[in-house]
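Reader: Please take me through one part of this model at close range. I want the packing around one helix, and then whatever polar contacts and charge pairs belong to the surrounding elements.

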Amino acid sequence: MDIQKEIDTRGLNCPLPILKAKKALTDMMSGQLLRVVATDPGSLRDFQAFAKQTGNELVEQETLGTDYIHILRRR
């Protein structure tokens, strides 16, 4: 997978990972991929809702130890 941008939101709780992802996506071109690394377990549900609300595609979610990885495709 060709990730264009990655942001680290470890240690931040809702809504900060979403807000940082939203800001990062505004600087990206349509179709580009953003990888967000978070430690907030609620981020799994939050990013699903965020994708539905904004029209950005949630390509993948993965849990690696205490990290939650979210990959979004800019609409």
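Author: What follows starts at the helix, moves into the core, and ends with the charged side chains.

First, a caution: this is a predicted model. Every value below is computed from it.

Take helix α1, residues 16-26. Which of its residues are buried? They are Pro17, Ile18, Ala21, Ala24 and Leu25. Seen down the axis of α1, these buried residues fall within an arc of 125 degrees, so they line one face of the helix. The spacing fits a general rule. An α-helix has 3.6 residues a turn, so residues three or four places apart point the same way. The face of α1 turned away from the buried side carries Lys23 and Thr26, which are exposed. What covers the buried residues? The cover includes β1, β2, α2 and β4.

Just ahead of the helix sits Pro15, in the loop between β1 (5-9) and α1. The peptide bond from Cys14 to Pro15 is cis, with omega near 5 degrees. That deserves a second look, as most peptide bonds are trans.

Now the core. The largest nonpolar core has twelve residues. Among them are Ile18, Ala21, Ala24 and Leu25. The largest share, four residues, comes from α1. The elements that give two or more residues are α1, β2 and α2 (43-54). Other members include Ile7, Met28, Leu34, Val36, Phe50 and Leu72. In general, nonpolar side chains in soluble globular proteins tend to be buried together.

Phe47 is another core member. Leaving aside neighbours within four places in sequence, Phe47 is in contact with Pro17, Ile18 and Ala21. Its contacts also include Val36, Leu58, Gln61, His70 and Leu72.

Follow that list to His70. This residue lies in strand β4. Is His70 buried or exposed? At 0% relative accessibility, His70 counts as buried. The side chain of His70 makes a polar contact with the side chain of Ser43, at 2.9 Å. Beyond four places in sequence, His70 is in contact with residues that include Leu34, Arg35, Val36 and Ala38. Leu44, Phe47, Glu60 and Gln61 are also among its contacts. So is Leu58. The C-alpha atoms of His70 and Leu58 are separated by 7.3 Å, and the two residues are twelve apart along the chain.

Next, a buried charge. Asp40 lies in the loop between β2 and α2. Asp40 is buried, yet has no salt bridge. How far away is the nearest side chain of opposite charge? That is Arg45, 6.9 Å away. A salt bridge here needs nitrogen and oxygen within 4 Å. What the side chain of Asp40 does reach is the backbone nitrogen of Cys14, at 3.1 Å. That returns us to the residue before the cis bond, which runs from Cys14 to Pro15. Not counting residues up to four places away, Asp40 touches Leu12, Asn13, Cys14, Asp46 and Tyr68.

Last, the charge pairs. The count comes to five salt bridges. Start with Glu6 and Arg35, whose side chains meet at 2.8 Å, N to O. Glu6 lies in strand β1 and Arg35 in strand β2 (residues 33-38), so the pair ties together parts that are 29 residues apart in sequence. Both ends are partly exposed: Glu6 has 47% relative accessibility, and Arg35 has 22%. Recall that Arg35 is also among the contacts of His70.

Another pair joins Arg73 and Glu57, at 3.1 Å, N to O. Arg73 is in strand β4 (residues 67-73) and Glu57 in strand β3 (residues 57-64), 16 residues apart. Arg73 is partly exposed, with a relative accessible area of 30%. Glu57 is partly exposed too, at 41%. Elsewhere, salt bridges that share partners join Asp8, Arg10 and Asp67 into one network. Within it, the side chains of Asp8 and Arg10 meet at 3.0 Å, N to O. Asp8 is partly exposed at 48% relative accessibility. Arg10 is partly exposed at 42%.

Technical notes:
Residues numbered from 1 in each chain as written. Predicted model: local features only at pLDDT ≥ 70, side-chain atom pairs only at ≥ 80, totals over all residues. Heavy atoms only, no water. Buried < 20%, exposed > 50% of the residue type's maximum accessible area, 1.4 Å probe, protein only. Core = buried A, V, L, I, M, F, W, Y, C linked by side-chain atoms within 4.5 Å. Contact = heavy atoms within 4.5 Å. Lys, Arg positive; Asp, Glu negative; His and termini not counted. Polar contact = N/O pair within 3.5 Å; in protein donor to acceptor, adjacent residues only side chain to side chain. Arc of directions from axis to C-beta.
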